[in-house]
Amino acid sequence: MNQKMENILNLALETPEEVRQQTDTLNVGFDDATRSWELIVKYNGNLEAIEAQGIQVERLLAGYAILTVPENLVEQIADFEEIEYVEMPKRYFYSQIGPASSSCFPQVTMRTPFLNGRGVLLAVLDSGIDWRRRDFRKANGDTRIRYLWDQTLRGMPPEGFAMGVEYTQEQINRALRITSPQEQYDILPSTDVSGHGTAVAGIAAGYNPEENYTGIATQADLLIVKLGVPEEGGFPRTTEIMRGIVYALQKAEELGMPLAINLSFGNNYGSHDGSSLLERFLDNAAEVGRTVICVGSGNEGNSGGHIAGNVESAREIEMAVAEYERSLNIQFWQNYSDRYRISLRSPGGQQVELPAAVEGGKYTLRLEDTEILVYIGEPRPYAVAQEIYLEMIPVEGSYINSGIWSILIEPIEIVTGQYYLYLSDSAVRSSSTGFYNPTPQVTLTIPSTAAKVITVGAYDFTYDSYADFSGRGYADTQRTIGMVTAGLTKPDLVAPGVGILAPNTYVGYDAFTGTSFATPIVTGSAALLMEWGIVRGNDEFLYGEKVKAYLRAGAQPLRGESVYPNERVGWGALCVSESLPE
């Protein structure tokens with residue numbers, strides 16, 4: 001076990017590649033063609049000695065970098081004294097009334113002060129954009145997209161980056177003036193296959209008077225990053241997101257514009273406490289320039305993928321595993337001061353006790369036709385929580401054993417007795433797989449758990465009530481695991497996230513549901529506030545935590561919620577007109 005590498009990376013390096021490929025997590029970041037790993041590091045000093053080893057280094061900000069390291073050199077590189085900590089990438093999953101018809105927008109967009117986001121750069125890091133749509137053009141037909149970086153293409157990347165192709169506003173306008181769709185594509189081949197990014201950008205900043213469609217910041221300039229999807233599953237990784245953040249910050253500085261960044265995705269791996277490198281990276285990024293970062297709380301609130309509690313006596317936790325699950329991972333997080341006896345029981349009744357510690361941390365066990373990779377972790381340099389990680393894969397055939405699995409927890413020496421269990425993201429497991437009697441609290445996805453971002457949940461505007469799929473935050477004021485202090489509330493607020501009208505990639509508009517589509521409503525709102533404050537000179541310091549404070553202060557109560565802030569809706573429902581100071 002290398003203490004400078006996260007647990008899941010240690011496990012991945014100790015697991016044969018053919019086994020890693022059967023999982024959703026352990027092979028993320030590995031390039032089979034080059035036999036190398038893409039890794040995220042926190043470092044001090046300089047990395048010249050590492051570059052001298054032939055390692056590709058991409059410096060980001062605040063002591064973070066991305067390294068491309070041959071597999072046989074990973075542990076050697078981690079041992080350099082300049083390297084403080086190493087993580088492998090994670091996959092992130094996209095988290096669907098017209099957006100401007102709620103949340104008190106007409107009071108500030110259709111009346112004095114007539115805000116529209118002009119002068120603010122709004123960055124959408126997502127699946128791309130249908131750049132041809134009228135929703136993203138000016139009145140004269142020119143594009144409002146200042147830059148489009150497609151990380152999936154090969155060609156001329158932005159300065160300082162080694163992947164993708166960057167298109168300028170002038171290049172997009174040149175393509176728009178051509179009438180032939182094929183010729184347009186030949187000049188600018190970036191597309192949005194899923195439509196997710198187009199919908200998100202449309203909600204945040206779209207405007208099409210011909211179709212009577214109005215987003216939020218209808219005159220904001222757009223910066224689009226189509227995130228790379230190096231794996232066949234079609235989801236971006238941590239490293240693509242970090243590159244996109246740095247790119248947006250650089251462009252905002254270059255253009256001299258305040259910046260609002262939208263991140264509509266998340267991942268379920270981690271202690272959900274702000275301690276991962278991505279969460280801490282975003283906290284640093286949020287303090288660069290005049291920036292606001294908005295992140296969706298995810299759609300894990302009612303997915304059955306989390307259970308937590310306090311152990312005072314022996315407890316059995318039951319988990320349903322549906323048929324046809326190819327793999328499944330379980331994370332068990334606890335205080336290092338607590339000692340439990342933990343056993344795992346299969347649907348057929350086979351049972352095995354997990355050892356309290358194993359040399360190297362990793363071992364393998366088998367129950368029925370399911371092989372289980374187990375990693376017994378230790379506290380990390382940046383977090384006090386201990387993790388026990390289990391990855392379930394089939395021994396023969398294509399699927400793990402379905403039925404009721406049980407995790408038995410027996411206290412040995414208890415100080416807090418707290419435990420937190422998480423399953424794989426709902427995007428990669430059956431809706432029938434989950435814990436019995438799950439815990440909906442602390443179901444935010446990462447990186448919405450970062451302290452300095454604006455974390456956005458969803459509510460149903462029709463019923464004026466919390467949307468039960470929306471990831472919940474910190475209800476446990478006695479929480480002692482991780483960096484999150486007792487009393488910190490997430491989400492910060494909620495926005496409409498059910499049946500939100502947004503542009504599709506076929507010409508028309510569709511209704512979308514999820515926190516992915518609540519988040520751009522808040523991102524657009526942040527752009528309006530920054531226009532009022534910074535661009536119009538009313539408050540040159542209206543960015544970062546100050547925008548968050550104003551949005552919280554203006555939030556309105558929702559039906560069924562009596563105490564604020566709370567873990568479901570934070571400070572309440574977005575209301576832009578009440579968020580502007582008088």
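**Figure 1. A260 and V292, a facing pair in two neighbouring strands.** In this predicted model, A260 sits opposite V292, a residue of strand β15. The pairing belongs to a longer run of contacts between strands: β13, covering residues 259-263, is joined to β15 by 5 bridges, and the two strands run parallel.

**Figure 2. The other partner of β15: strand β27.** Here you can see β15 linked to β27 (residues 454-460) through 3 bridges, again with the strands running parallel. If you want a landmark, look for C294, which stands opposite I454 of β27.

**Figure 3. Strand β15 and what covers it.** Take β15 on its own, residues 291-296: 6 of its 6 residues are buried, so the strand is largely enclosed by the rest of the structure. Which residues lie on each side? T291, I293 and V295 are on one face, while V292, C294 and G296 are on the other, and every one of these is buried. Put another way, β15 is covered on both faces.

**Figure 4. Helix α12 and its packing partners.** Helix α12 takes in residues 545-554, and its buried residues are V547, K548, L551, R552 and G554. Note that a lysine and an arginine, K548 and R552, are on that buried list. What do the buried residues of α12 pack against? Their partners are the strands β15, β27 and β29 (493-496), plus the helices α11 (515-535) and α13 (576-579). So β15 and β27, the pair from Figure 2, turn up here as well.

**Figure 5. C575, a cysteine in the loop after α12.** C575 is found in the loop that lies between α12 and α13. Is C575 buried or exposed? With a relative accessible area of just 2%, C575 is under the 20% cut-off and therefore counts as buried. Skipping its neighbours within four places in sequence, C575 touches S103, C104, G554 and Q556. One of those, G554, is also among the buried residues of α12. R552 of that helix is 23 residues away from C575 along the chain, yet their C-alpha atoms are separated by 9.1 Å.

**Figure 6. Zooming out to place the close-ups.** The whole protein chain holds 13 helices and 31 strands. Its radius of gyration is 24 Å, close to the 25 Å given by the globule rule for 582 residues, so the chain is as compact as a globular protein of that length. The C-alpha trace spans about 70 × 60 × 45 Å along its principal axes. Of the 582 residues, 61% are buried. About 21,500 Å² of the chain is exposed, with 46% of that coming from carbon and sulfur atoms. As for charge, there are 44 positive and 74 negative side chains, and the centres of the two sets are 6 Å apart.

Methods: Residues are numbered from 1 along each chain as its sequence is written. This is a predicted model: local features need pLDDT of at least 70, side-chain atom pairs count only at pLDDT 80 or more; totals for chains, interfaces and linings use all residues. Side-chain values use heavy atoms; hydrogens and water are left out. Buried means under 20% relative accessible area, exposed over 50%, partly exposed in between (1.4 Å probe, protein chains only). Helices (H or I, at least four residues) and strands (E, at least two) are DSSP runs, numbered from the N terminus. Two strands pair if DSSP finds at least two bridges between them. Contact means heavy atoms within 4.5 Å. The radius of gyration is taken over C-alpha atoms; the globule rule is 2.2 Å times the number of residues to the power 0.38. Accessible areas come from the Shrake-Rupley method with a 1.4 Å probe; for residues, only the protein chains shown count as cover. Lys and Arg count as positive and Asp and Glu as negative; His and the chain ends are not counted. The place of a charge is taken as NZ of Lys, CZ of Arg, CG of Asp or CD of Glu.
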